[in-house]
Amino acid sequence: MAASGSRHPPISNDATDFAAQRERMVAQQIVARGVRDPLVLDAMRQVPREAFLPERTRDLAYDDSPLPIGCDQTISQPYIVAAMIEALQLKGGERVLEIGAGSGYAAAVLARIAGEIITIERIGALADRAAATLAALGIGHVQVRQGDGSRGWPQRAPYDAIVVAAAGPHPPESLKAQLAIGGRLVMPVGADQRAQKLLRLTRTGADDFRCEQLADVRFVPLVGDEGWASPAPDQAGPTIAESK
Ligand code: SAM
């Protein structure tokens with residue numbers, strides 16, 4: 001998909017300028033590609049993406065791309081965050097589990113819609129930073145946990161929705177088991193670490209799931225007991241493409 005707007009906007013720490021860039025981002029990158037849910041669009045208009053980035057890349061906060069956040073990981077492209085959250089079909093007030101907290105940005109967007117968010121991050125330094133950023137923004141109903149999210153977080157199950165921001169070879173059985181009946185699991189899945197399908201699984205019964213393919217995507221690997229044992233050798237460094 002073509003990038004919209006300036007790729008390198010002028011460096012500015014001015015909140016008004018960031019707000020204007022955020023409005024343009026929603027119009028040109030998200031609405032223009034078909035995201036329509038007003039809850040998602042409002043949330044994307046409100047969360048300051050620049051707050052989740054290292055100082056040196058804040059001026060790129062509203063670029064149409066993922067960006068490095070350290071530890072060989074990325075903050076997701078704004079459009080993919082919006083599309084994945086729209087795919088969760090939230091109405092407001094739900095309990096949501098996110099796997100792959102990264103910077104904490106998507107959790108902050110979810111927090112504008114859902115009632116309780118638990119987000120799990122494998123890398124301790126990222127989990128700590130995400131928790132600090134969310135706290136600094138006064139976002140109180142997100143719990144950041146450090147650990148292997150491929151096994152979920154059974155302590156607060158069942159979840160109305162689960163979103164996985166890293167790609168696995170298959171949907172983890174633990175996550176399927178922690179979904180409420182009627183709940184949705186949105187996740188990139190593929191046997192190839194360089195290309196995946198974004199799937200939505202809806203739990204229609206105790207042992208029944210409906211599966212829909214939503215898009216072609218490319219995500220960093222879900223590394224854990226129910227994901228990949230380790231990144232493929234040619235995957236060293238951040239995987240940048242997300243929407244394809
Ligand atoms: N949602 C994030 C944001 O808004 O910044 C972006 C997530 S980034 C694309 C994927 C994240 O998944 C990385 O931070 C990575 O460390 C994490 N991850 C990979 N495997 C994981 C696992 N088994 N459990 C928890 N986090 C995992």
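Trainee: What makes the approach of serine 103 to the ligand a polar contact?

Mentor: A polar side-chain atom of serine 103 lies 2.6 Å from an oxygen atom of the ligand. A polar contact is a pair of N or O atoms within 3.5 Å (within protein, one must be able to donate a hydrogen and the other to accept it, and residues adjacent in sequence count only if both atoms are side-chain atoms), so this pair qualifies. Keep in mind that this is a predicted model, where local features need pLDDT of at least 70, side-chain atom pairs count only at pLDDT 80 or more, and totals for chains, interfaces and linings use all residues. Residues are numbered from 1 along each chain as its sequence is written, and side-chain values use heavy atoms, with hydrogens and water left out.

Trainee: Which polar atom of glycine 149 pairs with a ligand nitrogen, side-chain or backbone?

Mentor: A backbone one, at 2.8 Å from the nitrogen atom. For glutamate 98, an N or O atom of the side chain is 3.0 Å from a nitrogen atom of the ligand.

Trainee: How much of the ligand does the protein cover?

Mentor: Of the 610 Å² of accessible area that the ligand has on its own, 99% is covered by the protein. Those areas come from the Shrake-Rupley method with a 1.4 Å probe; for residues, only the protein chains shown count as cover.

Trainee: How many residues surround the ligand, and what makes a residue count as near?

Mentor: There are 29 of them, and near means that one of the residue's heavy atoms lies within 4 Å of the molecule or strand. Among the closest are Ser103, Glu121 and Asp148. Strand S2 gives the most to this shell, with three residues. Helices (H or I, at least four residues) and strands (E, at least two) are DSSP runs, numbered from the N terminus.

Trainee: Why is cysteine 71 called partly exposed?

Mentor: Its relative accessible area is 39%. Buried means under 20%, exposed over 50% and partly exposed in between (1.4 Å probe, protein chains only), so cysteine 71 is partly exposed. Aspartate 72, at 47%, is partly exposed too.

Trainee: What is notable about phi in cysteine 71?

Mentor: Phi is positive there, about 55 degrees, although cysteine 71 is not a glycine. Most residues other than glycine have a negative phi. Aspartate 72 also has a positive phi, near 60 degrees, and is found in the loop between S1 and S2.

Trainee: What makes helix H3 mostly covered?

Mentor: Nine of its ten residues are buried, including Tyr79, Ile80 and Met84.
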